[in-house]
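Open the model in a viewer and follow the stops below in order. Each stop says what to select and what is there.

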Amino acid sequence: MHDLRAPALPATRGEALDADAYAEELRERRASVRNGESWQLERLQHFEETDSPTRDALRRGDWREVLRLIEAERTTARRAADDDGRNGSPLRRLRVVEEPLSPYMRWQLQWLHMRAEAGHQTRVLSAEEFSFAEAAGGGRLPEIVIVDGRVLYEVLHTPAGVHTGSRRYEDPAIVRPWEVYVKRAYAMAEDLRNYFTHSVAHLPPPPAA
């Protein structure tokens, strides 16, 4: 276990965005990056995705349809990875996992695995690595996205995992320590494709969720 003590993220210093404004702004900022890294940290083990046919198939318990729909996204995923490569603007994603894996996590890891095969960069780190830091900090790590070292979004959800928007931070005194923190954790983490091979691929289909 490592002492991955997280930096401060004071809510009063962030600017609130609703879900639609956040999605549009993030898309525009990511598209404008040239020769700069972006980072994503995901900690929650269950989200309530909307407008997602694969998520709907999981809710019905139709795992075969989940796999078919995920595979159908491969060409689009590869095209997006190629665009990031041409722009020198990778999004490096760190997925924190708790075992045993929830049905949602089984679904998301399947999707992330397809994207990793298509060229996107994702690593996995056990939640146990953050247990000391979370206990010392008084709660679970936030969900964050950092774009080009310039802006940090704290992505907000209800307790049930419904996305409600975000808080935007642009103060370098806040953004920079979090970028260093996520980079450090990412360097410790395991490539998602390796994790998937030994911890996910052999599992039976998950129940509906």
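Two strands count as paired if DSSP finds at least two bridges between them. The model is predicted, and the tour starts at a pair of strands in it.

**Stop 1: the hairpin**

Select 143-157. Strands β5 and β6 form a hairpin here, with three residues between them. In the turn, Asp148 has a positive phi of about 55 degrees. The pairing of β5 with β6 (residues 151-157) is antiparallel and runs over five bridges. To see the register, show Val147 and the residue opposite, Val151 in β6.

Now keep β5 and add β2 (38-42). These two strands are antiparallel as well, joined by four bridges. Gln40 is the residue that stands opposite Val145 of β5.

How many residues of strand β5 are buried? Five of its five residues are, which leaves the strand mostly covered. In a regular strand, side chains alternate between the two faces of the sheet. Colour β5 by face: Glu143, Val145 and Val147 are on one side, Ile144 and Ile146 on the other, and all of them are buried.

**Stop 2: the whole sheet**

Select all the strands. Eight of them form an open sheet with mixed pairing, in the order β1-β7-β6-β5-β2-β3-β4-β8. The edges are β1 (15-18) and β8 (190-191); each has a single partner strand, so one side of each is left without a neighbour in the sheet.

At the β8 edge, zoom to β4 (residues 121-126), which is joined to β8 by two bridges in the antiparallel sense. Arg123 stands opposite Asp191 in β8.

Next show α1 (19-32). This helix lies across β1, β2, β3, β5, β6 and β7 (163-169), and α1 runs at about 100 degrees to β1.

**Stop 3: three loops with unusual backbone**

Most residues other than glycine have a negative phi, and most peptide bonds are trans. The next three selections depart from that pattern.

- Select Asn35, in the loop between α1 and β2. Asn35 is not a glycine, yet its phi is positive, about 55 degrees. Its relative accessibility is 70%, so Asn35 counts as exposed.
- Select Asp51, in the loop between β2 and α2 (53-60). Its phi is positive too, near 55 degrees. With 80% relative accessibility, Asp51 counts as exposed.
- Select Glu99 and Pro100. The peptide bond from Glu99 to Pro100 is cis, with omega near 0 degrees. Pro100 belongs to the loop between β3 (91-97) and α5 (103-117).

**Stop 4: the largest core**

From Pro100, move to Leu101. Leaving aside neighbours within four places in sequence, Leu101 is in contact with Arg106, Leu109, Tyr195, Ser199, Val200 and Leu203.

Leu101 is also one of the residues with the most contacts inside the largest nonpolar core, a set of 24 residues; the others are Val66, Val97, Leu109 and Tyr195. Helices α2, α3 (63-72), α5 and α8 (192-199) each supply at least two residues of this core. The helix that gives the most is α5, with eight residues. Apart from this core lies another, of 22 residues, including Tyr181, Val182, Tyr186 and Ala189.

**Stop 5: α5 against α8**

Select α5 and α8 together. Their axes are 9 Å apart and the helices pack at an angle of about 135 degrees. Are they parallel, perpendicular or oblique? Angles of 65 to 115 degrees count as roughly perpendicular and those over 145 as roughly antiparallel, and α5 and α8 are therefore oblique to each other. Their crossing is left-handed.

To see the contact, show Leu109, Gln110, Leu112, His113, Ala116 and Glu117 of α5 with Leu192, Arg193, Tyr195 and Phe196 of α8.

**Stop 6: a buried loop residue**

Finish at Phe130, in the loop between β4 and α6 (131-137). Is Phe130 buried or exposed? Its relative accessible area is 0%, so Phe130 is buried.

Not counting residues up to four places away in sequence, Phe130 touches Leu4, Val96, Leu125, Leu141, Tyr181 and Ala185. For a distance label, pick the C-alpha atoms of Phe130 and Glu98: they are separated by 11 Å, while the two residues are 32 apart along the chain.

Notes: Residues are numbered from 1 along each chain as its sequence is written. Side-chain values use heavy atoms; hydrogens and water are left out. Buried means under 20% relative accessible area, exposed over 50%, partly exposed in between (1.4 Å probe, protein chains only). Contact means heavy atoms within 4.5 Å. Axes are lines fitted to C-alpha atoms, for helices over the stretch in contact, and angles run from 0 to 180 degrees between N-to-C directions. A nonpolar core is a set of buried Ala, Val, Leu, Ile, Met, Phe, Trp, Tyr and Cys residues joined through side-chain atoms within 4.5 Å. Angles under 35 degrees count as roughly parallel, over 145 as roughly antiparallel, 65 to 115 as roughly perpendicular and the rest as oblique. A crossing is left-handed if the near helix is turned anticlockwise from the far one by less than a right angle, and right-handed if clockwise.
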